[in-house]
Protein chains: 2
Amino acid sequence: MSTVSIGDFTTEAGAIIRDVHIAYQTWGERKEDNVILIEHALTGDSDAVSWWAGLIGPGLAIDTDTFHVVCTNVLGGCKGSTGPASEHPDGGRWGSRFPAISIRDQVAAEHTALNKLGYQHFAAVIGGSMGGARALEWCAMYPEAVRSALILAVSARASAWQIGIQMQQINSIEQDPAWQGGDYYDTGSAPLQGMGVARKLAHLTYRGELEVDERFGADAQDGENPRGAFRAADQRFAVESYLDHQAKKLAERFDPGSYVILTEALNRHDIGRGRGGLNKALANITVPVFVVGVDTDILYPYHQQEHLSRNLGNLLGMGKIVSPVGHDAFLTETRQLDQLTRRFFRLAGSLAS
Amino acid sequence: MSTVSIGDFTTEAGAIIRDVHIAYQTWGERKEDNVILIEHALTGDSDAVSWWAGLIGPGLAIDTDTFHVVCTNVLGGCKGSTGPASEHPDGGRWGSRFPAISIRDQVAAEHTALNKLGYQHFAAVIGGSMGGARALEWCAMYPEAVRSALILAVSARASAWQIGIQMQQINSIEQDPAWQGGDYYDTGSAPLQGMGVARKLAHLTYRGELEVDERFGADAQDGENPRGAFRAADQRFAVESYLDHQAKKLAERFDPGSYVILTEALNRHDIGRGRGGLNKALANITVPVFVVGVDTDILYPYHQQEHLSRNLGNLLGMGKIVSPVGHDAFLTETRQLDQLTRRFFRLAGSLAS
């Protein structure tokens with residue numbers, strides 16, 4: 001992992017983030033017109049070949065023998081780019097001094113970073129979920145830089161339901177006493193309990209409800225009895241233990257401050273803002289876009305991708321991942337992702353020729 | 001509202017609740033074979049003509065000029081029946097002394113109470129959501145007492161996804177410092193903050209996501225700016241204000257201790273337990289049952305009612321409420337409910353004749 005400095009950054013809402021660094025990784029030899037930009041999701045990072053292991057690599061659909069792949073860590077993240085946990089130029093961590101950012105801020109910072117690294121054009125920008133929101137904003141903000149885009153499991157803007165459930169996640173972190181107004185760094189405690197609740201709620205929107213039921217049903221966790229004479233927090237159903245495990249795993253690898261900042265950015269996602277509304281903004285996108293959704297996605301239901309496909313100015317095609325997995329299928333259904341990505345490249349390539 | 005005493009009650013899990021009272025209300029003249037038993041949902045009560053105003057009354061589908069309608073408040077509730085907020089025979093409130101109960105416990109207590117009142121048979125048992133779970137258990141536990149049943153927006157057992165999201169609701173109440181282990185009564189504070197979060201989460205599963213989006217989209221609440229330079233809890237999206245309002249309304253009328261006990265009962269809902277599994281238990285139900293679901297229900301998705309209809313031993317019919325409203329449509333879609341209920345009575349009546 002390397003980092004590039006982009007100096008001071010002014011957000012869409014007018015706050016200044018001083019001395020911003022953006023982390024990135026690359027794979028494959030860089031040639032004329034062979035650069036693919038990969039955009040990660042909420043708790044992802046620049047190590048795209050790890051979290052999209054079946055999709056990016058030699059001989060895979062995003063073939064690093066042919067393409068040069070670049071992936072940055074998002075502004076506000078905690079995996080090398082400047083975020084709430086970073087050192088502030090005046091000392092200490094950013095904490096509560098880190099402003100709210102939008103998806104557009106993330107893309108603007110990334111654009112500056114990639115320009116500094118000499119990237120002017122991308123054969124494709126590809127991302128799912130929050131990465132899909134960024135890929136879509138790339139098309140709206142820098143159409144001259146993007147030859148095509150593959151956008152998975154996202155919408156044209158945050159829906160009220162998403163804002164509702166995501167705000168409960170933010171609140172559960174901010175209401176954890178360990179949050180300390182966002183300035184918990186170096187205090188010896190962190191709002192991991194609150195982030196655990198946030199993750200459990202999020203995870204229930206990331207997985208299909210039938211898939212979760214097929215795996216756990218109403219089973220008791222081994223050695224526990226959730227149907228005793230009195231309620232007891234340590235007597236759990238199997239699904240509770242599974243969610244506890246998801247919360248614990250995230251606590252080991254992610255910063256609650258970043259979780260708040262990035263979830264807030266998702267709430268602010270709105271392609272139509274300042275562009276005459278959603279459908280006009282989508283119609284004005286000239287970049288050829290291939291849209292993919294998941295039939296069982298609770299968080300970004302398939303009708304949202306249908307809405308994108310109906311309104312995008314230059315629709316390359318649309319694909320549906322059929323899977324019980326739900327939203328996370330954009331990460332896990334490797335075989336379908338492989339086929340859809342190859343189809344996207346064929347269509348984008350035939351258009352260019 | 002009246003109450004009937006049923007003495008000491010032993011739960012399925014072996015705890016004893018002493019000196020139980022069950023509250024009830026009735027409408028219409030009682031005759032031979034004209035009794036309809038109505039079962040309320042989680043935060044409902046015995047005042048069925050209020051929460052099902054368009055469905056129960058003179059000349060309505062559940063016609064109180066013809067039928068005698070009876071509705072009890074559930075065991076564990078806070079609207080007249082014995083629950084955590086009730087006085088304990090040894091003094092003080094039940095609080096943490098109130099045991100965990102199951103849907104079957106609710107039905108067993110209701111059965112005893114109604115027997116005491118002289119009710120032996122019901123022309124129909126009707127309920128939705130938690131009320132549907134009870135109506136279904138009536139069919140399994142007391143088939144000789146039930147001539148027919150109309151069951152709306154419920155499943156044969158709690159799904160893992162339901163348990164997952166409902167457990168977050170329970171946890172948000174129990175982790176509120178004002179909970180005090182469940183013994184907050186008469187202390188001057190109550191876990192209304194925790195119950196508020198629980199209600200917001202629940203409400204997001206009660207309403208259709210498209211309906212919520214059509215009403216609020218990504219609009220800012222009037223006079224507030226949720227897209228400022230820094231996050232601020234008092235600068236909200238319109239949907240947050242809506243959810244805050246739902247939380248506030250519930251705090252004014254419902255006890256958090258009952259909310260925990262009744263949500264736990266929903267988690268324990270399982271028609272198959274001790275009966276050879278779900279499908280065998282359903283197949284053994286001889287009562288004619290009419291099943292209704294809502295096409296946009298997030299909490300009890302329609303495939304769960306399809307599962308009921310495929311496996312019930314004596315299916316009278318099935319109906320789908322088509323509505324953007326989601327789960328709550330079983331309360332709000334009066335016109336469709338009217339038609340479905342009349343159809344249920346026609347089918348049940350032709351069967352009896």
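**Exercise 1. Find what follows helix 6 of chain A, then work out where the buried residues of that helix pack.**

Step 1. Helix 6 of chain A leads into Gly217(A), a residue with a positive phi near 45°. Helices here are DSSP runs of H or I with at least four residues, strands are E runs of at least two, and both are numbered from the N terminus.

A word on the model: it is predicted, so local features need pLDDT of at least 70 and side-chain atom pairs pLDDT 80 or more, while totals for chains, interfaces and linings use all residues. Residues count from 1 along each chain, chains are lettered from A in the order written, and side-chain values use heavy atoms without hydrogens or water.

Step 2. In helix 6 (residues 209-216), Glu209(A), Glu211(A), Val212(A), Asp213(A) and Phe216(A) are buried, that is, under 20% relative accessible area with a 1.4 Å probe, protein chains only.

Step 3. Those buried residues pack against helix 7 (238-251) of chain A, and also against helix 4 (160-174) and helix 10 (302-311) of chain B.

**Exercise 2. Which operation lays chain A on chain B?**

Step 1. Superpose by least squares on C-alpha atoms of residues with pLDDT of at least 70 in both copies.

Step 2. A turn of 180° with a shift of 0.0 Å along the axis gives an RMSD of 0.0 Å.

Step 3. This is therefore the relation of a two-fold axis. Both copies use the same surface: 100% of the contact residues of chain A recur in chain B, contact meaning heavy atoms within 4.5 Å.

Conventions: Buried < 20%, exposed > 50% of the residue type's maximum accessible area, 1.4 Å probe, protein only.
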